[in-house]
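Here is a quick tour of a protein structure for anyone new to reading one. Take a moment with the picture, then read on and match the names to what you see.

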Amino acid sequence: MAITVRKLDIADAEMVQSFDCGEPNLNEYIKRYAVKNQGPHMFGVTYVVLSSEVANRILGYCTLANTSICRDQMPDEILKGLPKYADLPAILIGRFAVDKAFAGRGVGHILMSYALNICLEVSKLSAARYVLTLAYEGAVIWYKRYGFQEIPGGVDLGRRKMFLDLAVVRRAQEIGSQDLFSQKAS
Amino acid sequence: MKAAKKFQADIPSRDEKVLNLLMEELDVRSNADFLAKAIALFRWAVEERKKGCKIFTMSPQGQQRELVMPELERIAPELNLPFRSVGWHVEELNNFAELATKDQPEPTEHLIRAMAGK
């Protein structure tokens, strides 16, 4: 399956209507809010997965935004390793979903790869140290495969906060490129 | 060797004039050769824009002009993300601080594959 990932476009408004990941909130977001939030409201940028073999269908999507984690409210005794700024910069994966019809075919992996590469690029332009996500209960294990750590202490609207240090992502990129190099060399 | 694919297109007469002029200026002898070069140039522009790179020309005096095409802007990632605040419980912040100040784990196999595009 030839897959591409690109920004959501106003012209996709009709195509998003058939999206169904099985989670009503995520379906509603892509159908009603994603275009507005990308354009006039400026709340997040949505990326969609498309396939040349499946016309007029969105296979999956994710939404990214900058955010921050309030350092001021954290206890001093455990803050020794963190930079001394009032807010810790992070990138939020606000929504992440794969259409049920395409689940289990690597669409989520491609989308996560794309999203984390963007996070690294964004972190080079404007400071960002962490990737933060709000994971639905059923997706927590899936995020853990990529190294996201669950942050205990609260569940909002059925979603749990999880984070991944961008230094770990950068390290993964280095290891990945070393692997590619050694494969080419051998 | 793979068989070449036939490509046929109707173009308006004004574009035909431009095409002929370009072929003459570039000393390109056939439509096939012209198309191959146009594809190579377009492919390069697409790959650059996909990486988030902007495409500029620079005059001999140093004046810059950016190439902006709706098709290319569509595939470019947005690196200037809008800001969205997230509500935190105090307990979550405490737990986050504790986890974030520990030595971070080594990247997982899935993460390495994702970053290598595999």
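What follows walks through the sheet, the core, the place where the chains touch, and a few odd backbone angles.

**Getting your bearings**

Keep in mind that this is a predicted model. Let's begin with chain A, which holds four helices and seven strands. If you trace chain A along its sequence, you meet these elements in the pattern β-α-β-β-β-α-β-α-β-β-α. Chain A has 186 residues, and 42% of them count as buried. What about contacts between residues far apart in the sequence? Of the contacts in chain A with a separation of 6 or more, 62% are between residues 24 or more positions apart.

**The sheet in chain A**

Seven strands of chain A sit side by side in an open sheet, in the order β1-β2-β3-β4-β5-β7-β6. The pairing in this sheet is mixed. Which strands stand at the edges? They are β1 (3–7) and β6 (149–156) of chain A. Each has a single partner strand, so one side of each is left without a neighbour in the sheet. On average, neighbouring strands here are turned by 25 degrees against each other, direction ignored.

As background, strands of a sheet pair through backbone hydrogen bonds, either parallel or antiparallel.

Now zoom in on β7(A). Strand β5 (residues 130–136) of chain A runs antiparallel to β7 (residues 159–165) of chain A, and seven bridges join the two. Strand β6(A) is also antiparallel to β7(A), this time with four bridges. The table picks out some residues that face a partner in β7(A).

| Residue | Partner in β7(A) |
|---|---|
| A:Val131 | A:Leu164 |
| A:Leu132 | A:Phe163 |
| A:Val155 | A:Arg160 |

β7(A) is mostly covered, with five of its seven residues buried. Together, β6(A) and β7(A) make a hairpin with two residues between them. In that turn you can find A:Leu157, whose phi is positive at about 50 degrees.

**The nonpolar core**

How many residues are in the largest nonpolar core? It has 65 residues. Those with the most contacts inside this core are A:Leu64, A:Ala115, A:Cys119, A:Val131 and A:Val169. You have met A:Val131 already, as the bridge partner of A:Leu164. Helix α2 (residues 107–125) of chain A gives the most to the core, with ten residues.

A:Ala115 is a good residue to click on. Leave aside its neighbours within four places in sequence, and A:Ala115 is in contact with A:Tyr47, A:Cys62, A:Leu64 and A:Ile93.

**Where the chains touch**

Next, look at where chain B meets chain A. The contact takes 38 residues from chain B and 56 residues from chain A. On the chain B side, α3 (70–75), α4 (90–101) and α5 (109–115) each supply at least two residues. Which helix gives the largest share of that side? It is α4(B), with twelve residues. Sorted by class, the side of chain B that touches chain A has 21 nonpolar, eleven polar and six charged residues.

You can also see how α4(B) is placed on the sheet. This helix lies across β3, β6 and β7 of chain A, and runs at about 180 degrees to β6(A).

**A helix with little cover, and some positive phi angles**

Back in chain B, have a look at α1(B). Its 14 residues reach 20 Å from the first C-alpha to the last, close to the 20 Å expected at 1.5 Å a residue. Is this helix buried or hardly covered? α1(B) is hardly covered, as the count of buried residues among its 14 is zero.

Right after α1(B) comes B:Asp27, with a positive phi near 55 degrees. B:Asp27 is not a glycine. You will find B:Asp27 in the loop between α1 (13–26) and α2 (31–50) of chain B. Why does B:Asp27 count as exposed? Because only 12 or fewer other C-beta atoms within 10 Å are allowed for that label, and B:Asp27 has 7.

Chain A offers another case in A:Asn56, a residue other than glycine with a positive phi near 55 degrees. A:Asn56 is found in the loop between β2 (45–51) and β3 (60–70) of chain A. With 10 C-beta neighbours inside 10 Å, A:Asn56 counts as exposed too.

How values were computed
Residues are numbered from 1 along each chain as its sequence is written. Chains are lettered from A and ligands numbered from 1 in the order in which they are written. This is a predicted model: local features need pLDDT of at least 70, side-chain atom pairs count only at pLDDT 80 or more; totals for chains, interfaces and linings use all residues. Two residues are in contact if their C-beta atoms, placed from the backbone, lie within 7 Å. Ala, Val, Leu, Ile, Met, Phe, Trp, Tyr, Cys and Pro count as nonpolar, Asp, Glu, Lys and Arg as charged, and the others, Gly among them, as polar. A nonpolar core is a set of buried Ala, Val, Leu, Ile, Met, Phe, Trp, Tyr and Cys residues joined through C-beta atoms within 7 Å. A residue is buried if 20 or more other C-beta atoms lie within 10 Å of its own, exposed if 12 or fewer, and partly exposed in between; C-beta atoms are placed from the backbone. Two strands pair if DSSP finds at least two bridges between them. Axes are lines fitted to C-alpha atoms, for helices over the stretch in contact, and angles run from 0 to 180 degrees between N-to-C directions. The expected span of a helix is 1.5 Å times one less than its number of residues.
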